[in-house]
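Got the viewer open? Let's take a walk through this one together, one selection at a time.

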Amino acid sequence: MATEGESSDWSASERLDLLPSALLGTIFTKLDVSSICSCATTCRTFRACVSHILSFIPTFHLLEVAPSLDLLSPLMPPNPYMKSLKVNCNGLDDSAIRTLVRPSLQELCLINCADFSGKLLSEIGGLCKDLRSLCLGSVAENRGRAIHISDLEELLSGCTHLEALVLMFDVSLFLRHNFARVWTLASEKLASLEIGYISSVMVTELLSPNLGFHQSPIHIQPSILPNIQKLCLSVDYITDTMVITISRGLISLTHLDLRDAPLIEPSITLDLTNNGLQQINHYGRLKHLSLIRSQEFLLTYFRRVNDLGLLLMADKCSDMESICLGGFCRVTDTGFKTIFHACSKLYKLKVSHGTQLTDLIFHDISATSLSLLHVSLRWCSLLTNQAVANLACNKHLKVLDLRCCRNLGDESLRAIRTLTKLKALLLDGSDISDVGLSFLRPTVIQSLVSLSVRGCKKLTDKCISALFEGCSITELRELDLSNLPSLSDNGVLSLAKSRIPVFELRMRQCPLIGDTSVMALASMQVDEERWHGNSLRLLDLFNCGGITQLSFRWLKKPYFPRLRWLGVTGSVNRDMVDALARNRPFLHVACHGEELGAEQWDSSDGLYMHDYDEEDELEQWLLEDDGDTDDEEMVGAEPMEQFLT
C-alpha cells in the first residue's frame, strides 16, 4: 500500500508495470498488427512489450495501409516463428524482398507489387521452401519492371509444398513455348490455382496431356496438375476447347470460375457453345461453377448458347451448390429453371446480363426444395416486383443483389421486408422511393450489414429518416448513397443524428453534398462518449458538388483517425490533396473516380462474400473502449507513426 507521503493516484503506466510481461504478451499476440501498434503508443510498458513480441508473433497482417520500407523494417525484426505474412506493398520495391521473404513462412500474401520485378518470385522460390499458400498481386506492372519465365520456374521448383497459388497479374507475358513445361515442376499438392489474366490458348496448352508423350486420341490422360480442386481464371475468351480441356483434364475439380472480357466479337472457334457447356463437370465432382462474360471492353454475350445448352449441363450438375452465369443473352426462363429443378442443393444463384430473364423464372420456386441463401440478379431489366415477391419465399436469404434491375419499385421492398435474416441488400438503379425504403424498418434494417441504393433517382433526404428513424442500428457497416441527385447536406445531418456506426460510406457524384456533410461526419457521435469518425474507414466524396478547401481541414488529423480510403475530386485543389496525403501517409487518396476498396480484382462479383455472422470480438472491444481517452492528439494520430517515433 502507498504510504502517507506517496501519491495514492498512480499513473496508468506505473500500474501497468505491475502486470506480468507474459500476460501482456499473451494478450497482444491475439491482436492484429494495427492494434498492436496502437497499444504501443499508449505507454512505455506496452511499447517495450510490443518490441519484444514482434520478434516471435506467428502472424503479421498489414493490408489496410501501405507502409514504406523505413516504416516496415522496425515492425519486422528477425522472427523465426512467423508463419503467415500479408502486406500491402504499394510503397515497396525489390529492396524490401529480404525483409518480407522468410524461410519460416507457410502463408504469404503480397498485394500491389507493381514496383517489384520477377526477382520477387525467384527469391520466394529460393527461400520459402515450406510455403503452403502464396498470393501475389500486380507484380512488375509498373514501367521498367520485368518478369521472366525463369522467375516462375524458380518459384514452382522451390515451393514444393505449395497447396494454393494466386497470381493476380498478366501471366501471358511469359514465353508461351516454355510456359506449360515449367508447370510440370509445380507441387503435387497444389489444389487451388487463381490467375489474374491468361490467354485461353495458354490454358489449353498448360492443361493438355500431350507434353512430349505419345497417346491415343481416344484415351484422355490426366493433366499435369492432377490434384487441382479450385481453378479461377480471367481469360481473353472462354472457348469450347478450353472448357473441354479443363473439364476432362482436371479430375479432382470441384470449383471452376472463368471470366472473359473480349476485345472483339468472338468467332465460333473462340467462343463457348452448347457443346462446350455439355462437357462441363465431366467427372461429376463440381460444386461451384461461374462462367462470366464481362462487358468491360465490348458489349458482347455468349450468343451461341441457348436453353438446350443449360439443359444439357444441368443433367450433370445435380450436386451443384453455387452457379454464377453472366452474359447468356439467348437463355430464357426455361433454361434457367432447369437449374432449379436439377440442382436441389443450390444455395447461391447469380445471373448477370440475363436479357431474357422474366418473372416466370421464380413462378413456381416455392414448389422446389431450394433454400437459397445468396441471390444476385444484375442487369436483368425485365424483372419486376412480382419476381422479388416470389423469390422472397426463401426466408433464409442473406444476400440479395438486384443492382440495375430498373423496373423494381416499392412493392419489391414490401416483399423484402419479410427477409429478417438479410445481411446485404443492393438496389442500385431501381425505381424505389423514400416511402418504399420505410418498409425495411424496423426489422430488415436492423439485420443489414451492407445497403446500397446507388443511382435510385427518386430518393431524397427523407430516405435517411425513412430508414433509420426510431431504430437502434448496430449492424450496418457499409452504406452506399452515391449518385442521388436530391441527397443534400440535410440528409447527411440526419444520418449523423442517427448515430449509425458505419465503416464504409459512399456518396460519390451527389451534387448537393458539401462541406457541411464532412463536418457533420467528423463530429458525429455514436454514443455519449465515442465519436463516429473513429470508426469510419472508407469515405467516397468523388465529384460531390459542394466540397471545398474547408473539407480538407476536417479530413486532416485528428479527425477520422481510422480512415484508410478517401475519394475526392483532385481538381478541387491539387495542393490540398497533396498536403492531405503528406499529413496522412497511410491514407489512400483516390482522385480519378476509381472505386475504393482493397479487393478490386473481382469487384463486380467478389463483394459481399464474407460471412456476416462472424464478429471480431477484439475489434468490437477496441471500438467500445475507444472513447476512454481524452488526449485529442493521441486519438487522431497514426498508430504506426507513433510507435516508430
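One term before we start: a residue counts as buried when its relative accessible area is under 20%. Keep in mind, too, that this is a predicted model.

**Stop 1: a helix on the inside.** Select residues 200–207, which form helix α10. How many of the residues of α10 are buried? The count is 6 of the 8, so this helix is largely enclosed by the rest of the structure. To see which ones, colour S200, M202, V203, T204, L206 and L207. Now bring up what they pack against: α9 (176–182), β7 (230–235) and α11 (240–249).

**Stop 2: the big core.** Keep L206 lit and add W183, since the two are in contact. Leaving out neighbours within four places in sequence, W183 also touches L152, L156, L165, L167, L190, L193, I224 and L225. W183 belongs to the largest nonpolar core, a set of 183 residues. Together with F60, L100, I124, L152 and I416, W183 is among the members that touch the most others in that core. A separate core of 5 residues lies apart from it, and you can find it by selecting C109, I111, C135 and M168, which are among its members. As a general rule, nonpolar side chains in soluble globular proteins tend to be buried together.

**Stop 3: three strands and a helix.** Select residues 107–111 for strand β3, where 4 of the 5 residues are buried. On one side of the pairing list is β2 (residues 84–88), running parallel to β3 and joined to it by 5 bridges. Look for L85, which stands opposite L108 of β3. Then add β4 (residues 133–137), also parallel to β3 and linked to it by 4 bridges. Here E107 has S133 as its bridge partner. Finally, show helix α7 (residues 119–127): β3, α7 and β4 make a right-handed β-α-β unit.

**Stop 4: a hidden serine.** Jump to helix α16 (residues 410–416) and pick out S412. Is S412 buried or exposed? S412 is buried, with a relative accessible area of 1%. Setting aside residues up to four places away in sequence, S412 touches N385 and V388.

**Stop 5: the empty spaces.** How many cavities of 30 Å³ or more does the structure hold? There are 5. The largest cavity takes in about 80 Å³ of space. To frame it, select its lining residues: S247, L250, I251, L253, L256, I280, N281, H282, Y283, G284, R285 and L286.

Technical notes: Residues numbered from 1 in each chain as written. Predicted model: local features only at pLDDT ≥ 70, side-chain atom pairs only at ≥ 80, totals over all residues. Heavy atoms only, no water. Core = buried A, V, L, I, M, F, W, Y, C linked by side-chain atoms within 4.5 Å. Buried < 20%, exposed > 50% of the residue type's maximum accessible area, 1.4 Å probe, protein only. Contact = heavy atoms within 4.5 Å. Helix = DSSP H or I, 4+ residues; strand = E, 2+ residues; numbered from the N terminus. Pairing = 2+ DSSP bridges. Right-handed = clockwise from strand over helix to strand, strands pointing away. 1 Å grid on protein atoms, 1.4 Å probe; cavity = no way out; pocket = protein on both sides within 12 Å on 5 of 7 lines; lining within 4 Å. Points joined across faces, edges and corners; volume = space filled by probe spheres on them.
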